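Thanks for asking me to look this one over. Here are my notes on the side-chain contacts, set out as numbered points.

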Amino acid sequence: VQLQASGGGLVQTGGSLGLSCAASGSTFSIDAMNWYRQAPGKERELVARITSGGRKNYADFVKGRFTISRDTAKNTVYLQMNSLKPEDTAVYYCGAEVGLDYDGRPYVDWGQGTQVTVSS
């Protein structure tokens, strides 16, 4: 699966941004779509996830502020980010779960990251 993310940018504290991730290729193999982020010097962390059945999960630090959604006809997943904080500054990556690896963990195809910067 190939993923193309877009929509990052610079916003002030309290502002909003929307990210998009368009999938192509073997999209029938996608079990779930994720948004991750990685700040400088930190590990990549899960932000939100939506399964092929539409179930959504969020990291505690974005609950109530971020919303993940999808357009199945367009094979696109979105992340609407509201009430942004400086600590949300990171490179945001979309990922597609396309089966399991040998350890039984989801195998993820990654898109390129998109920078989100929240100024104080």
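1. Let me start with a small question: does Asp 60 count as buried or exposed, and at what relative accessibility? Asp 60 counts as exposed, at 63% relative accessibility. Please keep in mind that this is a predicted model.

2. Asp 60 also has a charged partner: its side chain meets that of Lys 63 in a salt bridge, at 3.1 Å from N to O. This is one of seven salt bridges that a search of the whole structure finds.

3. Another of the salt bridges joins Glu 97 and Arg 49, with 2.7 Å between the closest N and O atoms. Glu 97 belongs to strand 9 (residues 90-100) and Arg 49 to strand 5 (residues 45-51), so this pair ties together parts that lie 48 residues apart in sequence. Glu 97 has a relative accessible area of 8% and is buried, because the cut-off for that label is under 20%.

4. Glu 45 and Arg 37 form a salt bridge as well, their closest N and O atoms being 2.9 Å apart. Here the two partners carry different labels: Arg 37 counts as buried at 6% relative accessibility, whereas Glu 45, with a relative accessible area of 31%, is partly exposed. Salt bridges with shared partners join Arg 37 and Glu 45 with Arg 65 and Asp 88 into one network.

5. On to the rings. How many aromatic pairs does a search of the whole structure find? The search finds one. The partners are Tyr 36 and Trp 110, arranged edge-to-face, with 5.0 Å from centre to centre and 80 degrees between the planes. This pair links distant parts of the chain, since Tyr 36 is in strand 4 (residues 32-38) and Trp 110 is in strand 10 (residues 106-110), 74 residues apart.

6. Trp 110 deserves a second look. Its relative accessible area is 36%, so the label is partly exposed, as the label covers values between 20% and 50%. Besides its pairing with Tyr 36, the ring of Trp 110 has the charged end of Arg 44 sitting over it, 4.5 Å from the ring centre.

7. Which other ring does the charged end of Arg 44 sit over? It is the ring of Tyr 93, with the charged end of Arg 44 placed 3.8 Å from the centre. When you view this region, I would show Arg 44 together with both rings, Tyr 93 and Trp 110.

Key. Residues are numbered from 1 along each chain as its sequence is written. This is a predicted model: local features need pLDDT of at least 70, side-chain atom pairs count only at pLDDT 80 or more; totals for chains, interfaces and linings use all residues. Side-chain values use heavy atoms; hydrogens and water are left out. Rings of Phe, Tyr and Trp (its six-membered ring) pair if their centres lie within 6.5 Å; planes under 30 degrees apart count as stacked, over 60 as edge-to-face and the rest as tilted. Helices (H or I, at least four residues) and strands (E, at least two) are DSSP runs, numbered from the N terminus. Buried means under 20% relative accessible area, exposed over 50%, partly exposed in between (1.4 Å probe, protein chains only). A charge sits over a ring if NZ of Lys or CZ of Arg is within 6 Å of the ring centre and within 35 degrees of the ring normal. A salt bridge is a side-chain nitrogen of Lys or Arg within 4 Å of a carboxyl oxygen of Asp or Glu.
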